[in-house]
Amino acid sequence: METAALVAPVTALEFFQDAFLLTGEGPVLTAYSLQPKPKRCTSMAVLQHYRIHGIRPKILSTSQSSDRETKGLMSTDLAVFGGKAVRLLRLHFDVPGAQHPRLEILGPLVELQDWALDVRWLCEDEQPILCVAVAHNAALLLDMNTGSALAQRSCLEGCLLYSALLVVHKCWDDTILIGGTVFNQLVLWKPGGKGSENKGPVERRLLGHSGVIFSISYLQEKGWLASASDDRSVRVWAVGFLGGPGGNCGDLNPTCLHVLFGHQARVFSVRLSPRRVFSAGEDGACLVWDLAGGGTVVRTLKGHRAGGIRALAVTEKRVATGGADGGVQLWPVEENEDEETLEAEKITDLEFSGEGVPKVVCLLEDDDDDDYDTKWSRCKIAVCTDQGVVYQYSNGAWELLWRGTPEFQSYCVMETIAVSVKASRRVNLCAVGSLSGALRVFPITQPQKGVSLQAGSGKIHSLIWQTGGDDLYLLASSADGRVHRWCVDVTKKNGFLSLGVSHIPWFLLPPCAKRWLTAAVRLRSEAEGALWVCGDRRGSLLLFQERKTDEISEGLMPLSCLFGVHGKQGVTSVCQYDGLLYSTGRDGCVRVFRVHQTSQEPLEEHGKDGLQLEVLRVQRACKGMEWLEKVLILKAEHNILNESESESQDGIQGHIDNDKESKMENKGREARFVIFGFHASHFVVWDPVRQEKLVVVPCGGGHRSWSVWPPHKDIWPGYGALVFIKQGSVLASEPPGELPSWSGGTTARNGGWSLREGIHGKGIGCVCRLGCVKEWEIIATGGEDTSVTVLALHPESGSIKVLSVITDHISSVRAMAVLAHEESSTPSQSLSALLVSASGRAQMQCYRLYVVWDEQRPAPSCQVVQVAGHRLDEHWERKRNRHKMVKMDPETRYMSMAVMEQNQHGGLVVLACSDGAVRLFSVSESKRQLDLLWETFHHQRCVLSVATCSLEDGKGNRYMMLFSAATDGQIAVWDLTQTTSISSSGSPFATPPTPCLIIAAHQSGVNSLAVWADTHQDGSCLVTVSSGGDDGQLTASIIRARYPREHGKTGDVTPLCLHLLSQWNVPLAHSAPLTSLRFLKSHLIVTASCDQRICLWKVCSTGISHKGVLCSHVADAAGMAVWEKQVMLEDDEKRNTTCEKVNCERTGSRAMLGRTDGWGGKKQEVTDEAARKTDGHILKMDKGNIEVSSCEGGKTGWVLVCGQGFQLLRVRNKHKDEDEKN
């Protein structure tokens, strides 16, 4: 076995010369080039099964650097450490900012007897001598050439350290060690000093923290020491100059300068700079503190998903953060940052001085190009008052633009838009509606050139500007449900603007209580005519179609209506992007939908051509954020698309599926977006993927007129400003004339770059493989952060791309299953699969996933279609006054899932439940339903796992078997042949079946089941049931299944005859609970455990034999997916640059590994008692991974293990042919 891809928490970061960023993820060291733009260059596994916790480049003197440059040696030496291991490497590069650097291992891995907390180079020696601080408050001088300790000294206070910092000057005698003890103290002592019995006394002691200390940083030029603690605080101490000749211990009485509280959880890392303190913690935030300003937060950096920030590195220009989600973010350091807080943006009063009280506010675009940073400084604001007067704010002053007639007083609606005019700059148009239906449209620069229109005889409820190609449209909703429409043409001649207005057919909204339009978007199609997708105040989405032959006097009725889809509070916005439509409403949901062709051929009748609106997915915002206003696409997503795409690609062609064969290929790709809305009294920009608030502005709530800069944009650049009316004043979140300070996008001016995108911030509970698109494996994972993530994984390069993140679950996702899998007609170009996910709170979700190859990126892209959802306690959610009642039944958790039967549009799935039940559900994509068919409480205790098996006799009769296991260690075997035949019709089964066989397999809970069936020579079937439990035992139970000779004459299915033939077990297969196992092929089992070992086992007629073992880099292994694939293998010498051969021998009852390269070191334990079969095997350790000798070609097995991250393993077995013969 060998590692092909790894995602694990990033535990080490280090900058080198501001040209490279070095990261440690598990045992893998990765180098990123920062010039001219950040990108990944090279990586190498260096610490075998240890996790990298620190990277220390060797700092050369000026003379040494000059000598290297003279000799043409552009490289630097690195000391990499983690756990109990240290290793030396060399980073080669031609010039600073090299495009193709490489890593070279300089020596063998040196293993220590204690945990290394800090490592520093000894500057005065040319030899590779390192000072190492270890966990039991000791330090040693390590010669990396020999791997021996030249000197070693302990502190008199021999306590355990959580963190340590070495201050090294030139020699060992000058070294100072600062340790953060388990007793919440900082102790300073001299490892190189002289003392009794080779122990050094404590020279200084710093008290104040109430929790253990995780990180220490020292700034020599200021004499400051910073410490980060479990008590959520950062303390800055004045300790004076440390180190130097003689080992100076600083001031006799160190003082605490600042106590910084701002994190919401434990603080893991801290770094000091001359003006700033940088701290990062478990809350996922990196806070920038201004010490000159009294220790206030001047900036908050957030870019990781749940799980927190585990590593931090700082230079004068950049900040790098590494998260528990496996992501790496890079941020610029601004020298002129002003004080800010997330919850209290600076609000500026624009001091409106016009006539009347402001009622409506709109932002105007600048006349120049789209330079956002300069346009806000010249921002113009239009305000309409209750006196029917429109004012403009420009250059810090208010001026009168237009005064309306008395009919515009007391009530008015106003909207603006910027349009391009030939041979001229962009022109802002303003439309103002009245209570009597009167409408005035005029250009802002020449208001006297306006035109008057009439939209009925009643109140104008709303005005909407919309563009379509070169045309400009104005929509006005009147009181009778009519939406009057005009096409507006703007021309310029001799310096004067002229407006041409033509009336076009109006829309008629369906009858309802609140009958006016609130949102609209125009879709262009040459074949079908123009389509309009609209939203009304009743919460409905409407589809209109206009043709060139339509009469102006006739109204257009909607072709399709999703009535009340956004609730009774109304639709707030509709927009389209890259082939899909997005709508928001005051129900707290974003709906992703499309225009769908329901029939093969359009009908002849006008207005009945089979076009329908189809909701694909629903995305909720954060809890309590019900008022959603708009969706904006992230700028990073927008930049990927080709800006020169033709207009037809933005139109209806991306929205309509013309036939079934194009259903997968032409779905459109869902983009990453942020949500604008209101949470209580705050305006919020919410990122649904990162699950965090990017912007919070205390504006008072959404019941007011407001506008966001940049105006009329569907792209979120990562920054902006809010202008709103509150208590008769016009206020702005940013003063006009200053650059905006909102940040949060990956390409924002103050935002960061995502060098590597995170996956799950918390543990991954389940994983399944969907299929393959070209060379990319498509994987779905479910995590404790309540999300389901669809990934594309390239096994050869190890590259990982996040295709989609689904956040519909309300609890941790524990089980997933794939059914109704469809391959594309073009091989490896696309796939379609029905994914069912189950979580706590007894919740199930079903999605149709379409994955296609995107030539623009080029990479796979995924569209998610939400099919159905189900909760056992839905009846409880519908009860009134349930807060006054006591819920008697506890919350049920789904623990495991297995597919019983599947077809093209769904199937049957079985779930193991924590309330002691085994439940059978039907999945119907056509009906968009998940139905509970039957449930049985046979186990009477928590059911942990289920598995299924399908058998077929020689006559073509199929038999369905179910295996379920609970916390009592017993496995129940069910014959569900008759049950599934009845349940496949969708009707509930009256009498739940009973198990036909009970197998005692474990002493405690059975965490995982795997089943494999083989046909025996006598016509019967041998079913191998493998199980792993909390007792660490691996059990294989062989069941003989005999088919009935004759079936019932009435059509009843005769049950199988089941008999337990034999049972084998390995009592100590793992030293921790066995959490997951799978059959890779017949008789070959892969197991995973919390002991971070992946084991291969062979089940034969004489027992279970051990085939191989690998030390995994994924903690808390919880799920596994396996598959086989036909590949041509490369030569090992080309694939592997460094390898160490390992002999496997047995000592007593345990198998041990010892190196054969002649370098001394302690042996590594591989397995327990079950490893006695591995005597004499020769294994190869490549990049820290153990592999059974490989074959030259054929099928390769793949194992994907998930937990705190995931690891993809390539499995080859040289005994493949022999196993098949046996």
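# Exercises on strands, confidence and salt bridges

Strand E77 covers residues 970-975 and is mostly covered, with 5 of its 6 residues buried. Strands (E, at least two residues) and helices (H or I, at least four) are DSSP runs, numbered from the N terminus. Buried means under 20% relative accessible area, exposed means over 50%, and partly exposed lies in between (1.4 Å probe, protein chains only).

This is a predicted model, where local features need pLDDT of at least 70, side-chain atom pairs count only at pLDDT 80 or more, and totals for chains, interfaces and linings use all residues. Residues are numbered from 1 along each chain as its sequence is written, and side-chain values use heavy atoms, with hydrogens and water left out.

## Exercise 1

Find the strands that pair with E77, and give the sense of each pairing.

Step 1. Apply the rule: two strands pair if DSSP finds at least two bridges between them.

Step 2. Take strand E76 (residues 958-966). E76 and E77 are antiparallel, with 5 bridges. Here Leu962 has Trp974 of E77 as its bridge partner.

Step 3. Look at the turn. The hairpin of E76 and E77 has 3 residues between the strands, and Gly969 has a positive phi near 85°.

Step 4. Take strand E78 (residues 997-1000). E77 and E78 also run antiparallel, joined by 4 bridges. Val973 is opposite Leu997 in E78.

## Exercise 2

Describe strand E50 by its cover, its pairing with E51 and the hairpin that they form.

Step 1. Check the cover. E50 spans residues 571-577, and 7 of its 7 residues are buried.

Step 2. Find the partner. Strand E51 (residues 580-585) pairs with E50 over 6 bridges, in the antiparallel sense. Val574 faces Ser583 in E51.

Step 3. Inspect the turn. There are 2 residues between these strands, and Asp578 takes a positive phi near 55°.

## Exercise 3

State how many helices and strands the protein chain has, and what share of its residues is buried.

Step 1. Count the elements. The chain has 7 helices and 94 strands.

Step 2. Check burial. Of its 1222 residues, 59% count as buried.

Step 3. Check the contacts (heavy atoms within 4.5 Å). Among those between residues at least 6 apart in sequence, 55% join residues at least 24 apart.

Step 4. Check the surface. The chain exposes about 49000 Å², and carbon and sulfur atoms supply 47% of that area. Accessible areas come from the Shrake-Rupley method with a 1.4 Å probe; for residues, only the protein chains shown count as cover.

## Exercise 4

Report the mean pLDDT of the chain, then find stretches below 50.

Step 1. Recall the scale: pLDDT is the predictor's confidence in each residue, from 0 to 100.

Step 2. Read the whole chain. The mean is 81, and 80% of residues reach 70 or more.

Step 3. Go to residues 600-608. Their pLDDT is below 50, and the stretch has 10 contacts in the model beyond near neighbours in sequence.

Step 4. Go to residues 1128-1193. Their pLDDT also stays under 50, and the model has 146 contacts for them beyond four places in sequence.

## Exercise 5

Give the closest N and O distance in the salt bridges of Glu355, Glu626 and Glu777, and say how accessible these residues are.

Step 1. Start with the principle. Side chains of opposite charge can pair when their charged atoms come close. A salt bridge is a side-chain nitrogen of Lys or Arg within 4 Å of a carboxyl oxygen of Asp or Glu. The structure holds 30 salt bridges.

Step 2. Take Glu355 and Arg403, with the closest N and O atoms 2.8 Å apart. This pair links distant parts of the chain, 48 residues apart: Glu355 is in the loop between strands E33 and E34, and Arg403 is in strand E37. Glu355 is partly exposed at 35%, and Arg403 is partly exposed at 46%.

Step 3. Take Glu626 and Arg620, at 3.4 Å. Glu626 counts as partly exposed because its relative accessibility is 35%. Arg620 is partly exposed at 38%.

Step 4. Take Glu777 and Arg769, at 2.6 Å. Glu777 has 1% relative accessibility, so it counts as buried. Arg769 is partly exposed at 29%.

Step 5. Add a network. Salt bridges link Glu14, Arg56, Asp118 and Arg120.
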